[in-house]
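Open the model in your viewer and keep the sequence panel visible. The stops below say what to select next and what is there.

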Amino acid sequence: MQEVVTNAIRHARASDLWIDIRTGTDGSLHFEACDDGPGAARVEMGNGLTGIAERVRELGGRVRFDGRTGFRVTAEVPAP
């Protein structure tokens, strides 16, 4: 979450950032963050996004980045 907030402040040119964190019925962790910035037609994987992807994958999870409307990060990590 810290990296998402940092990226939104530094790069998004957004007014608002929404973050939703919840636990699935199986104990998995679901994370979604989106902002109201202009987004990016093509997501460029800089150090911050690469670090997020690496950390999520190390935990056995998956992550998606979408810049079509604002910028959105969606991640899911399985229960330990």
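**Stop 1: the hairpin**

Select E3 and E4, which form a hairpin with five residues between them; in the turn, Gly-70 has a positive phi of about 70°. Helices (H or I, at least four residues) and strands (E, at least two) are DSSP runs, numbered from the N terminus. This is a predicted model, in which local features need pLDDT of at least 70 and side-chain atom pairs count only at pLDDT 80 or more, while totals for chains, interfaces and linings use all residues. Residues are numbered from 1 along each chain as its sequence is written, and side-chain values use heavy atoms, with hydrogens and water left out.

E3 and E4 pair in the antiparallel sense over five bridges; two strands pair if DSSP finds at least two bridges between them. Select Asp-66 and its bridge partner in E4, Arg-72. Then select Arg-64, which stands opposite Thr-74 in E4.

Now show the side chains of strand E3 (residues 62–66), which alternate. Val-63 and Phe-65 point to one face and are buried, while Arg-62, Arg-64 and Asp-66 point to the other and are not. Buried means under 20% relative accessible area, exposed over 50%, and partly exposed in between (1.4 Å probe, protein chains only).

**Stop 2: the whole sheet**

Extend the selection to the open sheet of four strands, in the order E1-E2-E4-E3 with antiparallel pairing. Its edge strands are E1 (17–23) and E3, each pairing on one side only. Neighbouring strands of this sheet are turned by 5° against each other on average, direction ignored. The axes behind that angle are lines fitted to C-alpha atoms, for helices over the stretch in contact, and angles run from 0 to 180 degrees between N-to-C directions.

**Stop 3: the aromatic pair**

How many aromatic pairs does a search of the whole structure find? It finds one. Select Phe-65 and Phe-71: their pair is stacked, at 6.5 Å centre to centre and 25° between the planes. Rings of Phe, Tyr and Trp (its six-membered ring) pair if their centres lie within 6.5 Å; planes under 30 degrees apart count as stacked, over 60 as edge-to-face and the rest as tilted. Phe-65 counts as buried because its relative accessibility is 18%; Phe-71, at 21%, counts as partly exposed.

**Stop 4: the largest pocket**

Keep Phe-71 and add Asn-7, His-11, Ala-12 and Leu-49: of the 24 residues that line the largest pocket, these five are the closest to its centre. The volume of this pocket is about 440 Å³. On a 1 Å grid over the protein atoms alone, a pocket is an open set of points where a 1.4 Å probe fits, with protein on both sides within 12 Å along at least five of seven lines; lining residues have an atom within 4 Å of a point.

Helix H1 (2–12), strand E2 (29–35) and helix H2 (47–58) each supply at least two residues of the lining. The largest share, six residues, comes from H1.

**Stop 5: the second largest pocket**

Select Met-1, Phe-31, Ile-52, Val-56 and Ala-75, which lie nearest the centre of the second largest pocket, among its 14 lining residues. Its volume is about 290 Å³. E4 gives the most to this lining, with four residues.

Finish with Glu-3 in helix H1. Glu-3 and Ile-52 are 49 residues apart in sequence and 7.3 Å apart in space, C-alpha to C-alpha.

Technical notes:
Grid points are joined across faces, edges and corners, and a volume is the space filled by probe spheres set on the points.
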